[in-house]
Amino acid sequence: MSFRKEKKFRVNWYSWTSLSKNLFADGMKTLHDQRVISSIYFDNSNNQMFFDSEEGLLPRKKVRLRWYNKEKKIIKETKTSSLEGRYKTSHVLNKSYKKDEIFNLSFVDHQYGIIKPVLLVSYTRSYFILKNFRLTFDQKISYIKPKNQSRTIFYDPEYVVEIKTPFYYGDDYIADMLGNPTERFSKYCRGILFHKRF
């Protein structure tokens, strides 16, 4: 099990254009083509994963099913935040599901009990590499509650840049390299809050 740091910061389109120009000048390269990512997040009936994330409690988890573009391969991912750091486990589901079938799935988690789909998040991600760091840029972020009959879609007005580094790199080094302060940006929590507010 390897721990890593994931640091995020919010940008608008103009600040990303300026930042990416500087990073390309410093040697950043495109890693591969951008992809549309769709993730269905699971939680228990009390939305305990959401509240644990909002409060920053440890240990905590996020459980989601993810697929890329229009691929039929669905990956179950569990992201764990602990005192030791953050890590992710994933495996491909053996069965293919239609979207409405996924909305009716449930799992049992030893920490949170029975968990069911609560939010569908979709966005377009671009991939880059700079030195030993991997950077991603997410745009066109949308949120849908799958159990809501109206299936109202909320679009996030913000974009997010994320940098993934080995655990031993200091936060100050990462912030200095990018020239921006890092901050929390949870798509799952933002999507839940969007639906609570409107």
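Below are legends for a handful of close-up views of this predicted model.

**View 1. Strand β7 and its partners.**
Let's start with β7, which spans residues 113-130. Of its 18 residues, 14 are buried, so the strand is largely enclosed by the rest of the structure. It pairs antiparallel with β2 (residues 29-43) through twelve bridges, and H32 has Y127 as its bridge partner in β7. Ten bridges connect β7 with β8, again in the antiparallel sense; here F128 is matched with L135 of β8.

**View 2. Two hairpins that involve β7.**
How many residues sit between β6 and β7 in their hairpin? There are three residues between them. Strand β6 covers residues 107-109 and pairs antiparallel with β7 over three bridges, with V108 and I114 as one pair of bridge partners. The hairpin of β7 and β8 has two residues between the strands, and K131 takes a positive phi near 55° there.

**View 3. Around S126.**
Now zoom in on S126, a residue of β7. Its relative accessibility is 10%, so S126 counts as buried, the cut-off being under 20%. The side chain of S126 makes a polar contact with the side chain of Q34, at 3.1 Å. Beyond the neighbours within four places in sequence, S126 touches Q34, L135, T136 and F137.

**View 4. E77 with two basic partners.**
Which residues does E77 meet in salt bridges? One is R66, where the closest N and O atoms are 4.0 Å apart. That pair ties together distant parts of the chain: R66 belongs to β3 (residues 60-68) and E77 to β4 (residues 75-82), eleven residues apart. Both R66 and E77 are buried. K88 also forms a salt bridge with E77, this one at 3.7 Å from N to O. Here too distant parts of the chain are linked, since K88 sits in β5 (residues 85-92), eleven residues from E77 in β4. As for accessibility, E77 comes out at 4% and counts as buried, whereas K88 is partly exposed, with a relative accessible area of 35%.

**View 5. K187 and D138, part of a salt-bridge network.**
The salt bridge between K187 and D138 has its closest N and O atoms 2.7 Å apart. It links helix α5, home of K187, to strand β8 (residues 133-144), home of D138, with the two positions 49 residues apart along the chain. Is K187 buried or exposed? K187 is buried, with a relative accessible area of 7%, and D138 is buried as well, with a relative accessible area of 1%. Pull back a little and you'll find a network of salt bridges that links R125, D138, E162, K164 and K187. For the overall tally, the structure holds eleven salt bridges.

**View 6. G191 in helix α5.**
G191 lies in α5, the helix of residues 187-197. With 0% relative accessibility, G191 counts as buried. Leaving out the neighbours within four places in sequence, G191 is in contact with L119 and Y143. The C-alpha atoms of G191 and S142 are 7.9 Å apart, although 49 residues separate these two along the chain.

Methods:
Residues numbered from 1 in each chain as written. Predicted model: local features only at pLDDT ≥ 70, side-chain atom pairs only at ≥ 80, totals over all residues. Heavy atoms only, no water. Helix = DSSP H or I, 4+ residues; strand = E, 2+ residues; numbered from the N terminus. Buried < 20%, exposed > 50% of the residue type's maximum accessible area, 1.4 Å probe, protein only. Contact = heavy atoms within 4.5 Å. Salt bridge = Lys/Arg side-chain N within 4 Å of Asp/Glu carboxyl O. Polar contact = N/O pair within 3.5 Å; in protein donor to acceptor, adjacent residues only side chain to side chain. Pairing = 2+ DSSP bridges.
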